[in-house]
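I opened a notebook page for this chain and wrote down what I looked up, one entry at a time.

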Amino acid sequence: AAKDALFSAAAAAAEATAALTGRAAEEAAKEAAKEAGGDARAGASSRLWAAGGRLASFASSWASGARQELEGGLKEHREACASEECELEERARRERLSNFPDELALLGFSLDDAGCLDEKRLRKVFRAKSREMHPDVAAQGGSEEERARAEEAIRELNEANEIVRKLL
């Protein structure tokens, strides 16, 4: 965050310098034109005016280049931080979920998968498993005992899903 603020401040300073340089040259050219009063010095005044414009243009392009360079560095900095934060987040998630290996296994995940697990992926796997294990599908045409086992299995699956979802 401190680097971001530093980059922003440097870019703002570069733009302000360019604007002030251009304004100062413009004011000097106007003053010279007033003093010339329409005589031979008017040509010098117009040359000074043109030089001020070129100076302002150069300062502006320099400020734009500096800003783009700083923004590029800032982008690289943010990407590096994001990958570090992502690794730390994955490690923390894996650590939280390591206490529930049975629930992860019931959902079809290993501890290695737990680091990359997100709610969208969990929901997709849970829905597929619940369709597969649903009592109406798993115990279709079976005995009451098979239906009771299927209902218990779906309850366990729901509990495992809730536990893992809360830990994400």
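Entry one. I noted that this is a predicted model. I then looked at contacts between residues at least 6 apart in sequence, and 53% of them join residues at least 24 apart.

Entry two. I went through the secondary structure and found seven helices and zero strands. Read from the N terminus, the order of elements is α-α-α-α-α-α-α.

Entry three. I looked up burial and surface. The chain has 168 residues, and 20% of them count as buried. The exposed area is about 11500 Å², with carbon and sulfur atoms supplying 52% of it.

Entry four. I turned to the largest nonpolar core, which has 13 residues. Leu-104, Leu-107, Leu-117 and Val-164 touch the most other members. Two or more residues come from each of helix H3 (101-107), helix H5 (119-133) and helix H7 (144-167). H7 gives the most, with four residues. I added a general remark: in soluble globular proteins, nonpolar side chains tend to be buried together.

Entry five. I picked Leu-107 for a closer look and found its place in helix H3. Is Leu-107 buried or exposed? Its relative accessibility is 0%, so Leu-107 counts as buried, since the cut-off for buried is under 20%.

Entry six. Which residues does Leu-107 touch, not counting those up to four places away in sequence? I listed Leu-122, Val-125, Phe-126, Lys-129, Leu-157, Ala-160, Asn-161 and Val-164. For one of these, Lys-129, I also looked up the spacing: Leu-107 and Lys-129 are 22 residues apart in sequence, and their C-alpha atoms are 7.3 Å apart in space.

Definitions and conventions:
Residues are numbered from 1 along each chain as its sequence is written. This is a predicted model: local features need pLDDT of at least 70, side-chain atom pairs count only at pLDDT 80 or more; totals for chains, interfaces and linings use all residues. Side-chain values use heavy atoms; hydrogens and water are left out. A nonpolar core is a set of buried Ala, Val, Leu, Ile, Met, Phe, Trp, Tyr and Cys residues joined through side-chain atoms within 4.5 Å. Buried means under 20% relative accessible area, exposed over 50%, partly exposed in between (1.4 Å probe, protein chains only). Contact means heavy atoms within 4.5 Å. Accessible areas come from the Shrake-Rupley method with a 1.4 Å probe; for residues, only the protein chains shown count as cover.
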